[in-house]
Amino acid sequence: METFLRYIQVRAFSRGMRGYNTAWLVVGAAVWMILRARRSQDIVYRTKLNPGERLIISAGSSGPPSSPSS
C-alpha cells in the first residue's frame, strides 16, 4: 500500500510542477500528508515472540517502597 501511495505522490507532484493542472499538486500534497500521518506512530519496542515465550510489561515498583537507610 505504501509503495502505491508513493507512486501516486511522485506522479502527482511531477504533473503538478509541470503545470498540467493545479489539482495534481493538491493530490500530491494530500498523499504526502497521508504518508506522514502513517509514519508518525511512536513505536518504543517491537519484537517477535516464539511459541512458549512471553513478554512481561510493568511500570513502577512492584513491592513496598524501601526506606532510605542512614
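In the predicted model, Arg 15 lies over the face of Trp 24, at 5.0 Å from the ring centre. Aromatic pairs are absent: a search of the whole structure returns 0.

The fold is helical. The protein has 2 helices and 0 strands. Burial is limited to 10% of the 70 residues. The accessible surface comes to about 6700 Å². Carbon and sulfur atoms account for 57% of that surface. Among contacts with a separation of 6 or more, 34% join residues 24 or more positions apart.

Helix H1 covers residues 2-18. Its 17 residues should span 24 Å at 1.5 Å a residue, and the end C-alpha atoms are 24 Å apart, so expected and computed lengths agree. Four residues of H1 are listed as buried, namely Leu 5, Gln 9, Ala 12 and Gly 16. Seen down the helix axis, these residues fall within an arc of 75°, and they therefore line one face of H1. The face turned away from this buried side carries exposed residues. These are Thr 3, Phe 4, Val 10 and Arg 18. Just after H1, Gly 19 takes a positive phi of about 90°.

Helix H2 runs over residues 22-39. It has 18 residues. From first C-alpha to last, H2 reaches 26 Å, close to the 26 Å expected at 1.5 Å a residue. Gly 28, Val 31 and Leu 35 are buried in this helix. Around the axis they cover an arc of only 70°, which puts them on the same side of H2. Thr 22, Val 26 and Met 33 are exposed on the other side.

The buried sides of the helices were then examined for their partners. The buried residues of H1 pack against H2. In turn, the cover over the buried residues of H2 includes H1. Gln 9 illustrates this packing at the level of one residue. This glutamine is found in H1. Its relative accessibility is 11%, and because the limit for burial is under 20%, Gln 9 counts as buried. Leaving aside neighbours within four places in sequence, Gln 9 is in contact with Gly 28, Val 31, Trp 32 and Leu 35. Of these partners, Gly 28, Val 31 and Leu 35 are buried residues of H2. Gln 9 can also be placed relative to Ala 30. The two residues are 21 positions apart in sequence. In space, their C-alpha atoms are 8.4 Å apart.

Taken together, the two helices share a common pattern. H1 has its buried residues along one face, with Thr 3, Phe 4, Val 10 and Arg 18 exposed on the face turned away. H2 has its buried residues on one side, with Thr 22, Val 26 and Met 33 exposed on the other.

Key. Residues are numbered from 1 along each chain as its sequence is written. This is a predicted model: local features need pLDDT of at least 70, side-chain atom pairs count only at pLDDT 80 or more; totals for chains, interfaces and linings use all residues. Side-chain values use heavy atoms; hydrogens and water are left out. Rings of Phe, Tyr and Trp (its six-membered ring) pair if their centres lie within 6.5 Å; planes under 30 degrees apart count as stacked, over 60 as edge-to-face and the rest as tilted. A charge sits over a ring if NZ of Lys or CZ of Arg is within 6 Å of the ring centre and within 35 degrees of the ring normal. Buried means under 20% relative accessible area, exposed over 50%, partly exposed in between (1.4 Å probe, protein chains only). Contact means heavy atoms within 4.5 Å. Accessible areas come from the Shrake-Rupley method with a 1.4 Å probe; for residues, only the protein chains shown count as cover. The expected span of a helix is 1.5 Å times one less than its number of residues. The arc is that of the directions from the helix axis to the C-beta atoms.
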